[in-house]
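Trainee: I'd like to zoom in on a single part of this model rather than tour the whole thing. Please pick the sheet and tell me what sits around it.

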Amino acid sequence: MTASAPDLVPFASAAAADGPEFVETPVAYDALVLASFGGPEGQDDVIPFLRNVTRGRGIPDERLEEVAHHYRHFGGISPINAHNRELKTALEAELARRGIDLPVYWGNRNWAPYLDDAFTAATDDGHSTLLVLATSAYSSYSSDRQYREDIARAITDAGLEDRVTADKVRLYFDHPGFVQPFQEGVDAAVAGFLEQGVAASDIHVLFSTHSIPTADAERSGPRDVDWGEGGAYVAQHRAVAAHIIENVAAVTGGTTVPWQLVFQSRSGPPTQPWLEPDINDVIAELPAAGAKAVVIVPLGFVSDHMEVMWDLDTEAMESAAEAGLLATRTQTPGVHPAFVAGLVDLVIERVEGTPASERPHLTDLGPWYDVSRAGDCENVRLGFKPAAAGLTP
């Protein structure tokens with residue numbers, strides 16, 4: 001490449017600026033920024049929040065109101081901000097317990113407090129070498145690159161280009177701390193159905209994640225790897241699900257439990273291909289496959305987002321009842337001690353420059369890259385936007 005090192009990875013620390021796959025050089029970060037999606041906290045917030053989520057797409061308010069009723073059902077309040085407050089507190093406690101002096105700032109992409117506010121607050125407090133931890137574990141435009149674009153935008157909008165550097169913690173879809181809460185939930189759910197007399201072969205496990213446009217899925221992950229249909233996004237979910245099912249054998253005595261990766265929360269126009277099958281369609285077909293019980297696993301979610309509360313706890317559970325199935329929904333990581341400890345482990349990786357060979361991962365796809373590769377998770381519909389923590393463009 002002919003670009004100078006600082007241009008390869010915008011806003012990066014010196015250790016990450018020339019774009020290594022893994023940063024194995026210690027970096028003296030002086031603050032941690034918790035980056036999340038954000039959500040409304042009252043009825044008056046709902047439509048403005050949805051305008052932020054869909055900015056640039058020209059979606060009229062009457063169409064947004066079709067989605068708004070999910071939030072209005074719960075008083076216009078998304079649980080995500082409360083969960084982020086809990087997670088911030090838990091991270092601060094775990095960092096303090098380990099004797100790590102790293103203040104935590106919190107900023108959202110789509111609602112207050114915004115990322116701009118977090119970066120400005122950190123800078124006003126005298127911090128300049130920032131590490132960003134996003135509440136998203138998988139590769140896709142919306143779960144990876146859009147966060148990195150918003151980091152770059154926040155720094156630029158706040159006028160901090162020459163005052164801060166910002167790296168991002170690697171995607172952690174197969175980190176033990178992220179997977180353990182799901183494993184515990186599936187193990188307990190399967191054991192519970194076995195105790196009720198349901199045979200292991202009649203218990204179907206559905207691993208659910210957010211559907212995304214097929215074109216976005218195909219562009220997830222580095223472009224020089226053949227990830228198969230659905231790109232790295234689907235490959236990562238399948239690998240984690242397979243790992244969990246393999247370990248469930250200890251609960252069933254070795255009997256295989258049927259499982260499937262399913263999708264939820266589609267929001268695009270009917271003419272645009274999105275990942276399928278939909279979880280409700282699959283649930284409706286399970287009795288014909290001999291299923292007596294279904295375990296719904298929110299594998300794509302860090303905490304109980306609105307998509308978990310509405311699409312799974314409400315719609316999917318109703319679908320299961322209509323199909324005559326026993327059903328349960330397992331936990332999200334939330335502030336599970338293993339998850340919080342795992343996130344701090346990921347922070348320490350970057351602080352200490354832990355070699356890739358020593359980084360924990362539970363599938364053959366990990367550990368994931370510290371610096372996103374060129375073209376990873378690009379969105380051709382929305383066009384190129386500068387992004388932090390990845391190779392340009």
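**The sheet and its surroundings**

Mentor: Start with a pair of residues: Leu34 faces Trp106, which belongs to strand 2. Bear in mind that this is a predicted model, where local features need pLDDT of at least 70 and side-chain atom pairs pLDDT 80 or more, while totals for chains, interfaces and linings use all residues. Numbering starts from 1 along each chain as its sequence is written, and side-chain values use heavy atoms, with hydrogens and water left out.

Strand 1 (residues 31-36) and strand 2 are parallel partners joined over 5 bridges; two strands count as paired if DSSP finds at least two bridges between them. Strands (E, at least two residues) and helices (H or I, at least four) are DSSP runs, numbered from the N terminus. Zoom out and you get an open, parallel sheet of 4 strands in the order 2-1-3-4. Strand 2 (104-108) and strand 4 (165-168) are at the edges with a single partner strand each, so each has one side without a neighbour in the sheet. From one strand to the next, the twist averages 30°.

Now the helices. Helix 5 (residues 115-124) lies across strand 1, strand 2, strand 3 (129-134) and strand 4, at about 155° to strand 2. Helix 6 (residues 141-157) also packs on the sheet, touching strand 1, strand 3 and strand 4, and makes about 170° with the direction of strand 4. Contact here is heavy atoms within 4.5 Å; axes are lines fitted to C-alpha atoms, for helices over the stretch in contact, and angles run from 0 to 180 degrees between N-to-C directions.

There's empty space to look at too. The model has 3 cavities of 30 Å³ or more, a cavity being a set of points on a 1 Å grid over the protein atoms alone where a 1.4 Å probe fits but cannot get out. The largest has a volume of about 60 Å³; volume is the space filled by probe spheres set on the points, which are joined across faces, edges and corners. Its lining (residues with an atom within 4 Å of a point) includes Asp144, Arg148, Lys168 and Trp368. The whole lining splits into 5 nonpolar, 1 polar and 5 charged residues, with Ala, Val, Leu, Ile, Met, Phe, Trp, Tyr, Cys and Pro counted as nonpolar, Asp, Glu, Lys and Arg as charged, and the others, Gly among them, as polar. The second largest, about 50 Å³, has 3 nonpolar, 5 polar and no charged lining residues; Thr135 is one of them.

Terms used:
On a 1 Å grid over the protein atoms alone, a cavity is a set of points where a 1.4 Å probe fits but cannot get out, and a pocket is an open set with protein on both sides within 12 Å along at least five of seven lines; lining residues have an atom within 4 Å of a point.
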